[in-house]
Amino acid sequence: MIKRRLFILILIAAAVPFLSHCGDSGNNHSTTDRSLGRASFTHPEGWEITSETDIDPFYQFMLQTQRDDACLISVDEPDAAEDLMDAAKEFASAAQVDVAMLSSGDSNFVRLDPVDGWESVREEFVIKVLGLGTPMRRDHYRKVLNGLEVTIMLQSEADVREGHERGLKLIRNSFKITDQ
């Protein structure tokens, strides 16, 4: 189950156009409600859902911010054996890119204090295109809600974080899993 979830997340993250930034990143305060199966949450209006999967109890959402940053949300049965730091490292390893003009460097990880009851890990790395580096950041969050594990990961440029904290907090605080 972990390999399936990781494979799907990697495929989606690889498809994110992270170099063509435009507009703001969700600083407006309008929101949109979203639900799929047993999962529901609220997100900033400017964060567009670009894909979703509903294979109960597995739900997955990919949101794209107005700056083309990626927010991946997955819901699945809990894996008590996997630590969030290990999961973040496994994701980073599988997502590393090294092709002709594009490469990503090694990631640095920091376990952060829980945020609103969510486990939290920050990952920093550099993406290089034609030798020019862009510092990137992934924020990983995880919490068990109503018997299912919810994981949120936001990938963006490290120095362009306007509106992201508010958007992530909105998603974390509104995320609900209904009873079967």
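## Salt bridges in this predicted model

By the rule used here (a side-chain nitrogen of Lys or Arg within 4 Å of a carboxyl oxygen of Asp or Glu), the count comes to 9 salt bridges. One of them pairs Arg 122 with Asp 139, with the closest N and O atoms 3.0 Å apart. That pair ties together distant parts of the chain, since Arg 122 sits in strand β9 (residues 118-129) and Asp 139 in strand β10 (residues 132-145), 17 residues apart. Arg 122 counts as partly exposed at 22% relative accessibility, while Asp 139 is buried at 1%. For those labels, buried means under 20% relative accessible area, exposed over 50%, and partly exposed in between, with a 1.4 Å probe and protein chains only.

Before going on, a word on the ground rules: this is a predicted model, where local features need pLDDT of at least 70 and side-chain atom pairs count only at pLDDT 80 or more, while totals for chains, interfaces and linings use all residues. Residues are numbered from 1 along each chain as its sequence is written, and side-chain values use heavy atoms, with hydrogens and water left out.

## From β10 to α3

Next up is Arg 137, whose side chain meets that of Glu 165 in a salt bridge (3.2 Å, N to O). Here too distant parts of the chain are linked: Arg 137 is in strand β10 and Glu 165 in helix α3 (residues 164-174), 28 residues apart. Arg 137 is buried, with a relative accessible area of 10%; Glu 165 is partly exposed at 36%.

Glu 149 and Arg 142 form a salt bridge as well, their closest N and O atoms being 3.8 Å apart. Both ends are tucked away: Glu 149 is buried at 4% relative accessible area, and Arg 142 counts as buried at 7%. As for the bigger picture, salt bridges that share partners join Arg 122, Arg 137, Asp 139 and Glu 165 into one network.

## Arg 138 and its company

Arg 138 also lies in strand β10, and it is buried, with a relative accessible area of 5%. Its side chain makes a polar contact of 2.7 Å with the side chain of Glu 123, and another of 2.8 Å joins it to the side chain of Gln 155. (A polar contact is a pair of N or O atoms within 3.5 Å; within protein, one must be able to donate a hydrogen and the other to accept it, and residues adjacent in sequence count only if both atoms are side-chain atoms.)

Leaving out residues up to four places away in sequence, Arg 138 touches a list of residues including Phe 91, Ala 92 and Ala 95. Contact means heavy atoms within 4.5 Å.

## Helix α2

Those three residues, Phe 91, Ala 92 and Ala 95, are among the buried residues of α2, along with Leu 84, Met 85, Ala 87 and Ala 88. The buried set covers an arc of only 160° around the axis, which puts them on the same side of α2. The arc is that of the directions from the helix axis to the C-beta atoms.

At the start of α2, a side-chain oxygen of Asp 83 reaches to within 3.0 Å of the backbone nitrogen of Met 85.

## The whole chain

The protein chain has 3 helices and 12 strands, taken as DSSP runs numbered from the N terminus (helices H or I, at least four residues; strands E, at least two). Of its 180 residues, 46% count as buried.
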